[in-house]
Amino acid sequence: MIIYHQAFDLYHTVYRMIQLLGYFKRGDQIEIDRLRIWDYYMLFPNKLSNLKLRRNEKDIKNLINSFIIRADNPYEEVIDDRKMFEKIKPYQMTAIKSLASYGIVNKDYLTTNRINSISSELIEDYISKLEKLTNQEENTIKLLTSHFYQMSLYGEYGLKDRSKLLESKYDAQ
C-alpha cells in the first residue's frame, strides 16, 4: 500500500498541473488524458524509466536515466500503476475543474476532452506565488512537455500504449 500524501491532496495536484501548464507554451490543445498521464509522472518521476521506448529513442532513455533520478522510497511503493492512476483520477479531475473555475483553462473541457484555452497570464501569476520547482521536477516537466507532447496519445507507440496507464488497444490511430 502506498503512503504518499501528495497523491491524495488536491492542493498538490493543482500545483503540479499549474506547473505543467506553465511549461506548456503552445496555443493548441492538450488532451485531458495526456495531462493526467503527465501529472502521474510528475508524482512518480522514477516511473518514467518504465515507459516503452523505441530503439531510435535511446537519447530519451539516456535523458531519463541522467536527469530523472529518484531513489525508490519504500513508503512510495506502487504495486499496480494502473490502479494507482485510477485512484488519483478524482483528484486530477477536481484539479482541472478548479483550474477551469479560476479561468486558467476552458470551461468546456469535458465536452471536448481537451484543454484549449489557457490563460498564460493567470498561470504565470499563480506560478510566481508557488514554491520553486526542484531540478528533478523541472527536468521531468521539460521532458514531458517536449518529447512526450510530440508523440501521439493514441495507437501503438502512443503515450497511452507506452505508459500502460490507460487502455489503448481499441484506440483509433
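Helices here are DSSP runs of H or I with at least four residues, numbered from the N terminus. The model is predicted. One residue that falls in such a run is Gln-92, which lies in helix 5. The overall make-up of the chain is described before this residue is taken up again.

The chain holds nine helices and two strands. Read from the N terminus, the order of elements is α-β-α-α-α-α-α-β-α-α-α. The chain has 173 residues, and 47% of them count as buried. Contacts between residues at least 6 apart in sequence were also examined. Of these contacts, 71% join residues at least 24 apart.

The largest nonpolar core contains 47 residues. Leu-35, Trp-38, Tyr-40, Leu-48 and Phe-148 have the most contacts inside this core. Two or more residues come from each of helix 1, helix 2 (32–43), helix 3 (58–67), helix 4 (81–87), helix 5 (89–101) and helix 8 (135–150). Helix 2 gives the largest share, eight residues. Leu-48 shows what surrounds one of these core residues. With neighbours within four places in sequence left aside, Leu-48 is in contact with Tyr-41, Ile-64, Ile-68, Thr-140, Leu-143, Leu-144 and Phe-148. Phe-148 is thus named twice, as a contact of Leu-48 and among the core residues with the most contacts.

Helix packing was considered next. Two packed helices are described by the angle between their axes and the distance between the axes. Helix 1 and helix 5 pack at about 65°, and their axes lie 9 Å apart. The crossing of helix 1 past helix 5 is right-handed. On the helix 1 side, the contact involves Leu-10, Thr-13, Val-14, Met-17, Ile-18 and Leu-21. These residues meet Tyr-91, Gln-92, Thr-94, Ala-95, Ile-96, Ser-98 and Leu-99 in helix 5. By class, this contact of helix 1 with helix 5 has nine nonpolar residues, four polar residues and no charged residues.

Helix 5 also meets helix 2. The axes of helix 2 and helix 5 come within 11 Å and cross at roughly 120°. Helix 2 passes helix 5 in a right-handed crossing. Ile-32, Leu-35, Arg-36, Asp-39 and Tyr-40 are the helix 2 residues in this contact. Their partners in helix 5 are Lys-89, Gln-92, Met-93 and Ile-96. Five residues of the contact between helix 2 and helix 5 are nonpolar, one is polar and three are charged.

Gln-92 takes part in the contact of helix 5 with helix 1 and in the contact of helix 5 with helix 2. The relative accessibility of Gln-92 is 0%, so Gln-92 counts as buried. Residues up to four places away in sequence are not counted among its contacts. Beyond these, Gln-92 touches Thr-13, Met-17, Arg-36, Asp-39, Tyr-40 and Phe-85. Thr-13 and Met-17 belong to the helix 1 side of its contact with helix 5. Arg-36, Asp-39 and Tyr-40 belong to the helix 2 side.

Helix 1 (residues 10–23) packs against helix 7 (residues 120–129) as well. The angle is about 125°, with the axes 9 Å apart. Helix 1 and helix 7 are therefore oblique to each other. Their crossing is left-handed. Ile-18, Gln-19, Leu-21 and Gly-22 in helix 1 meet Ile-123, Glu-124, Tyr-126 and Ile-127 in helix 7. The contact of helix 1 with helix 7 comprises five nonpolar, two polar and one charged residues. Ile-18 and Leu-21 in helix 1 meet helix 7 and also take part in the contact with helix 5.

Asp-9 sits in the segment before helix 1. A relative accessible area of 21% makes Asp-9 partly exposed. In sequence, Asp-9 and Ile-88 are 79 residues apart. In space, their C-alpha atoms are 9.2 Å apart.

Backbone angles drew attention to two loop residues. Most residues other than glycine have a negative phi. Asn-113, which is not glycine, has a positive phi near 60°. Asn-113 is in the loop between helix 6 (109–112) and strand 2 (114–115). With 36% relative accessibility, Asn-113 counts as partly exposed. Phi of Tyr-157 is also positive, near 65°. Tyr-157 is placed in the loop between helix 8 and helix 9 (159–163). Its relative accessibility is 28%, and Tyr-157 therefore counts as partly exposed.

Key
Residues are numbered from 1 along each chain as its sequence is written. This is a predicted model: local features need pLDDT of at least 70, side-chain atom pairs count only at pLDDT 80 or more; totals for chains, interfaces and linings use all residues. Side-chain values use heavy atoms; hydrogens and water are left out. Axes are lines fitted to C-alpha atoms, for helices over the stretch in contact, and angles run from 0 to 180 degrees between N-to-C directions. Angles under 35 degrees count as roughly parallel, over 145 as roughly antiparallel, 65 to 115 as roughly perpendicular and the rest as oblique. A crossing is left-handed if the near helix is turned anticlockwise from the far one by less than a right angle, and right-handed if clockwise. Contact means heavy atoms within 4.5 Å. Ala, Val, Leu, Ile, Met, Phe, Trp, Tyr, Cys and Pro count as nonpolar, Asp, Glu, Lys and Arg as charged, and the others, Gly among them, as polar. A nonpolar core is a set of buried Ala, Val, Leu, Ile, Met, Phe, Trp, Tyr and Cys residues joined through side-chain atoms within 4.5 Å. Buried means under 20% relative accessible area, exposed over 50%, partly exposed in between (1.4 Å probe, protein chains only).
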